[in-house]
Amino acid sequence: MSLFDGIKRFFGGSSPAVVDEAAEALRLQMQARCLHFRRLLAANKAALEIMADIEERMTPKAKGGYRPFDMTYVRSAAARSVAAVFQMINNLNALSDRAYEDLKPAFSRIARNIDKHLGYVPPSHEGPLVLPLSEIRASDVSLVGGKMAQLGEVANHVNLPVPDGFAVTAAGYNLFMAVNNLQESIDLRIQQTDSSDLKSLLELSHAIQQRIYMAVVPQELARAFEEALEPLRVRYGKDLRLALRSSAVDEDVKDASFAGQFSTELSIEANDALDVWREIIASKYSVAAMSYRFTRGILDDSVPMCVGVLVMVDAVAGGVAYSQNPTPAPEVAGGQPHIVINAVHGLPKPVVDGSFSPDMFRCSRAFPPVLLDTQRGNQTWRLRNDPEQGLVSLDLTEAEQAQPALRPEQACAVARMALMLEEYYGAAQDVEWAITADGGIVLLQSRALKTAQPVEEEQSNAEQEEAQRHLRTNLPLLAQGGVVASAGVGLGSAFVARRERDILSFPRGGVLVVEQAQPYWATLLPRAAALVCEAGGTAGHLASVAREYGLPALFGISHATTVLDGKEVTVDTQARAVYDGLYEDIVPPAPAHNPMASSPVYAALESIVPFIVPLNLLDPESEHFAPAYCETLHDITRFCHEKAVSLLFDQEDSTSSKTYGKQLKVGKKLQYWIMDMADGFKKPVTGSTVELDNIQCQPLLALWEGMTSVPWEGPPSIDASGFMSVVMESTMKPQLETMAENAMQQKNFFIIDRNYVNLQARFGYHFCTVDANVTENPHENYVSFQFKGGAASAERRITRAHMVARVLEAQGFRCDVKSDALFAIAEGRDQHASLRRVAVLGHLLLHTRQIDMVMNRPGMVQRIEEKLLAETTMIMERGAA
Amino acid sequence: MHVLIVDDEVEFLSLIQKRLEHRDIQVTTANNASDAVKLVMKMNPPFNAVVMDVRMPGMDGLEGLHRMKQIAPSLPVILLTGHASLSVAVSGMELGAFDYLLKPIAINELIIKLEDAARTGALPV
């Protein structure tokens, strides 16, 4: 902005030079050129920021995991980077009298390639709107969802009892969405929402769910629904109560359990069933479900919501059985695999809801199975299906509490069913079941058991010993025991969430502590470092999601919500312990688990990266440094930037430098060229050089002060060798050696006016930019710094970017590090404070080159950081009152 | 500075108008592209910049941009859309859009773009 003020002053200010027509024309031309150049720089910055962000999403950091993204992010990153690069091409052409029109075919080719990979067509799901269970087969998974397809398969082929009922299919769902024009409006709303922000997600969820509640069920669907319901009315009479179970189609993503993300409504009257169906459709847009899809990279329109409408089972007991313990348990059955059953009195819902700890039974896998042991839970109430009142919760009598939920022979019968299902599917199963009043077992659901992460059950003596062996007795212990729902070590500040609205105040990276393992806490899992629950079994939904995300989780830690609240804690599942304090050294961090891998969203980003991020154009002197050889958007940005700098500053160019580019002289001529836009020099300069004491641009002088003061192990060489050339010594790329020889490499360029400085410095094969505007009005002031790349190894570059960011943050800059790119800015400070920060940048600019050379030595990073911190603090304090 | 904001979402229009006016920017609004084109045709002195949605019933933002550029080639038009699309981004830039921005946008970011755009319009052609 100040450039333009400067230009205005130059043309209309108080002391205008007497100008003839030719000079006036030249200045006008320069004004336009500088505007285009600045715009090109802005577009370049925007493009590089997007590329750095993409790179970071693809390569998760060891600490803090990775940042999930949705399809909106992928489309928007593609569109924004393409728009920014197009602007660079336009501005370069404006600077060069359209000399680079041949960039456009290269650009179009790249854009077409990107576009080709973004075309996602959701599956169509043709078929009937509803389908009776008796007609459903496993192959109908894309029509009725996984849950109902399995149930149909079991009912019709395995000969196990399942509840009577039907499914409302994906075709039914799609018809409902289409008639109400819902998908398009939902897509638009999702596109406009930052899915990583919980508050926005809450608002979005509310808005979408409202629309679904108000939407009309198409007549055709209502009729089909009623026709499917009629036989059930006839068969069950007035006692008919229904369970409506979500059964989402998840064919695109392997291992996505959607555990507990969608509603299941129990004990519904037949007349209310269609309204409840709509509620279950709306549950697809609960915060937990949307957050889950976002974290797993699942596309919204690839998950049609099918619903099972099933006759309620009047269960006296129910639960979940695993046909195999997923991790070895040496203390059980001599280390042999065994069956694990979680059971409760009444309906099985509390097992998956995590309302309390269920009873646990372990059986052998022999035919017939034998009960190996029983661990009692802490159930005090049960759920019952009442034909009159619907779902009722009843307190258990003392006598009932004293009884385990299953008798031994019942546990063995459940175990037998689990084995039969495993045999039929050829893989370990996770089975939900119920026992009716007459003692029969009914299967409610069966799905493949996830064994990606260890699942361990109630703590046996041997496990206690094992945990004890890992316990660090020298660390202060807050809690110990419980069961491991998902293995690992996590540390952070403990946050007790009691109500659903606490979701909004949960700090990113905190340790989530809850009383019950309710599925809606799943929303917070991608943001948490670990999870601790007072109650809940490892078969529950929340435990499943924790395992999918690779989040350390301990369940059954008594009084966790009172003992841990507000403390900094370390959760170590191996020792089943929660320590008071943060202990990063307990276990080396496992490689970040990426729940998005293999998702269509991840694949989409992965497929466009090759056309955006890689840089192939390295050597400006090479004959391949040409539009025809641009293969990526990054190549085009590199080409445009290089050419724009040459056009504006190159000595060979007749318009610019002969008149405007002046070589800086401090005793001798240095490799810095200065282009003064307005009032940057005290006296007019006629020759080709300018003396430092003839410069009145305050930010340039501050930058120079920073560059030349506080020597680092000997005076830095700011002579003709170019201040970034030392980086070349550690280069691994042969092209860079050549580049070091070329004269262009060693020039550094300033554009200035009285209040503004822009420095373009070479930094390896990337540019490093300082851009600062400093006036008496704090609102106009900003000091920004940007660099990326370099010749060192990727690891060192990233370490360096983070270290420089920490130093700058200590001096009041706001920093953003993405991969090895650093973007730093300090805005709105007064003149003195801003100039001090410009000087800090000058200092860092010059000393960053030495950092690369010594960063590989152990312990050096910290030393360098401390030194830089001390030096920059000294610079900041200079001139203070 | 006088800018024209074009969007079929009336809530969005009034929100942006209020925020820009709060920052002393004069705002005229239109809720469809064909009204906007008419406004561009008759406004004197001309608008300093236009911010236009892409997806609108009737004439869409790209067509609106095309017509505005025929009437006033140097008028900077910023496309602001909630629907990120590569082909729209490319077409928009090819038709001469000043920039392609995505909703939601921070008001400061929009003002910076508007100020920059207004400068372009003021440049000698």
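This briefing covers the nonpolar cores, two helix packings, a buried loop residue and an enclosed helix in chain A, and then the make-up of chain B. The model is predicted. Its largest nonpolar core has 108 residues, and a second, separate core has 94. Chain B holds five helices and five strands.

**Nonpolar cores**

- Within the largest nonpolar core, the residues that touch the most other members are A:I341, A:W433 and A:L531.
- The element that gives the most to this core is helix α14 of chain A (residues 408-425), which supplies eight residues.
- The second core is separate from the largest one, and A:V74, A:A77, A:L648 and A:F749 are among its 94 residues.
- Leaving aside residues up to four places away in sequence, A:L531 touches A:L512, A:V514, A:L525, A:L542, A:A546, A:L551, A:P552, A:A553, A:L554 and A:F555.

**Helix α16 of chain A**

- Two of the contacts of A:L531, A:L542 and A:A546, are also among the buried residues of α16(A).
- Helix α16 of chain A spans residues 541-549, and nine of its nine residues are buried, so this helix is largely enclosed by the rest of the structure.
- The buried residues of α16(A) include A:H541, A:R547 and A:E548 as well as A:V545 and A:Y549.
- A:G550 comes just after α16(A) and takes a positive phi of about 70°.

**Packing of α22 and α24 in chain A**

- Helix α22 (residues 794-810) and helix α24 (residues 860-877) of chain A pack with their axes 10 Å apart, at an angle of about 30°.
- Because angles under 35 degrees count as roughly parallel, α22(A) is described as roughly parallel to α24(A).
- The crossing of α22(A) over α24(A) is right-handed.
- On the α22(A) side the contact is made by A:T799, A:M803, A:R806, A:V807 and A:A810, and on the α24(A) side by A:V861, A:I864, A:E865, A:L868, A:L869 and A:T872.
- By residue class, this contact of α22(A) with α24(A) has seven nonpolar, two polar and two charged residues.

**Packing of α8 and α11 in chain A**

- Helix α8 (residues 198-214) and helix α11 (residues 287-296) of chain A pack at about 120°, and their axes are 9 Å apart.
- At that angle, α8(A) and α11(A) are therefore oblique to each other.
- The crossing of α8(A) with α11(A) is right-handed.
- The residues in contact are A:L198, A:L201, A:L202, A:L204, A:S205 and A:I208 from α8(A), with A:V287, A:M290 and A:S291 from α11(A).
- The contact of α8(A) with α11(A) has seven nonpolar and two polar residues, and no charged ones.

**The loop before α11 of chain A**

- A:S283 sits in the loop between α10 (273-282) and α11 of chain A.
- With a relative accessible area of 6%, A:S283 is buried, because the cut-off for buried is under 20%.
- Not counting residues up to four places away in sequence, A:S283 touches A:Q209, A:Q261, A:F262, A:S263, A:A289 and A:M305.

**Chain B**

- Along the sequence, the elements of chain B follow the pattern β-α-β-α-β-α-β-α-β-α.
- Chain B has 125 residues, of which 54% count as buried.
- Among the contacts in chain B with a separation of 6 or more, 60% are between residues 24 or more positions apart.

Terms used
Residues are numbered from 1 along each chain as its sequence is written. Chains are lettered from A and ligands numbered from 1 in the order in which they are written. This is a predicted model: local features need pLDDT of at least 70, side-chain atom pairs count only at pLDDT 80 or more; totals for chains, interfaces and linings use all residues. Side-chain values use heavy atoms; hydrogens and water are left out. A nonpolar core is a set of buried Ala, Val, Leu, Ile, Met, Phe, Trp, Tyr and Cys residues joined through side-chain atoms within 4.5 Å. Buried means under 20% relative accessible area, exposed over 50%, partly exposed in between (1.4 Å probe, protein chains only). Helices (H or I, at least four residues) and strands (E, at least two) are DSSP runs, numbered from the N terminus. Contact means heavy atoms within 4.5 Å. Axes are lines fitted to C-alpha atoms, for helices over the stretch in contact, and angles run from 0 to 180 degrees between N-to-C directions. Angles under 35 degrees count as roughly parallel, over 145 as roughly antiparallel, 65 to 115 as roughly perpendicular and the rest as oblique. A crossing is left-handed if the near helix is turned anticlockwise from the far one by less than a right angle, and right-handed if clockwise. Ala, Val, Leu, Ile, Met, Phe, Trp, Tyr, Cys and Pro count as nonpolar, Asp, Glu, Lys and Arg as charged, and the others, Gly among them, as polar.
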